[in-house]
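Here is a quick tour of one protein model, written for someone who likes angles and areas. Have the viewer open while you read.

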Amino acid sequence: MLLGNHCGGCGNGNQSCRIAKCSLAHGGIAYCFQCQEYPCETYQKIDEYDSFITHRRRKADLERAQSIGIAQYNFEQQEKTQILSFLLSNYNDGRRKNFFCVAVNLLELSELQEGIKQIQDNDALSALPFKAQCQYVTEVFQKIADRRNIKLKLIRKK
């Protein structure tokens with residue numbers, strides 16, 4: 001969890017998170033997939049429910065980082081961050097922040113880029129009222145998610 005663009009864990013004035021504690025207990029590894037015990041018990045049901053952000057891609061994200069390398073994975077995450085910033089700056093009518101955050105987290109970078117291209121190619125979009133623009137953009141990403149049967153909502157623990 002980034003607060004002010006930095007993680008407050010690992011003894012930086014805040015109580016260490018359990019990820020940091022686990023890392024230290026296993027020799028200070030940087031990524032869970034580097035651990036000889038990965039995937040451990042922690043990952044058995046890790047993607048089943050969400051807290052304040054979606055957690056449904058944690059295993060997939062670790063596997064992606066392992067397969068393409070940390071540098072490329074971080075680049076992709078930076079691209080996703082820029083897309084989220086663009087969406088929030090241009091199409092958040094006060095009711096879309098959660099939707100856009102979940103969409104950027106759950107959709108692949110290529111799918112997000114597809115959605116952005118579709119939005120930018122729609123010459124009639126700027127003529128619509130702002131709320132209609134926001135609704136259109138939401139529908140673009142919802143249709144992309146529907147193709148893969150992805151629900152762009154948080155799943156609460158029952």
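## A turn after a helix, and some rings

Just past helix α2, Gly-69 adopts a positive phi of about 95 degrees. Bear in mind that this is a predicted model, and the values below are computed from it.

Let's stay with α2 for a moment. The helix covers residues 58-68, and its buried residues are Asp-61, Leu-62 and Ala-65. Look down the axis of α2 and these buried residues sit within an arc of 100 degrees, so they line one face of the helix. What do the buried residues of α2 pack against? Their partner is α3, which spans 70-91. Gly-69, with its positive phi, comes just after α2.

Now zoom out. The protein chain carries six helices and two strands. In sequence order the pattern reads β-β-α-α-α-α-α-α, so both strands come before the helices. The chain has 158 residues, and 33% of them are buried. How are the contacts spread along the sequence? Taking contacts between residues at least 6 apart in sequence, 64% join residues at least 24 apart. As for the surface, the accessible area of the protein chain is about 10,500 Å², with 51% of that belonging to carbon and sulfur atoms.

On to the aromatics. A pair of aromatic rings is described by the distance of the centres and the angle of the planes. The structure holds three aromatic pairs, and two of them are worked through here. In one, the rings of Tyr-31 and Phe-33 have centres 5.7 Å apart and planes at 10 degrees; that angle is under 30 degrees, so the pair counts as stacked. Its two members differ in cover: Tyr-31 is partly exposed at a relative accessible area of 29%, while Phe-33 is buried at 14%.

Phe-99 and Phe-100 make another pair, with ring centres 5.9 Å apart and planes at 70 degrees; that is over 60 degrees, so this pair is edge-to-face. Here Phe-99 is buried at 12% relative accessibility, and Phe-100 is buried too, with a relative accessible area of 0%.

The accessibilities of these four ring residues are set out below.

| Residue | Relative accessible area | Class |
|---|---|---|
| Tyr-31 | 29% | partly exposed |
| Phe-33 | 14% | buried |
| Phe-99 | 12% | buried |
| Phe-100 | 0% | buried |

Terms used:
Residues numbered from 1 in each chain as written. Predicted model: local features only at pLDDT ≥ 70, side-chain atom pairs only at ≥ 80, totals over all residues. Heavy atoms only, no water. Phe/Tyr/Trp six-rings, centres within 6.5 Å; stacked < 30°, edge-to-face > 60°. Buried < 20%, exposed > 50% of the residue type's maximum accessible area, 1.4 Å probe, protein only. Helix = DSSP H or I, 4+ residues; strand = E, 2+ residues; numbered from the N terminus. Arc of directions from axis to C-beta. Contact = heavy atoms within 4.5 Å. Areas by Shrake-Rupley, 256 points an atom, 1.4 Å probe, with all protein chains shown as cover.
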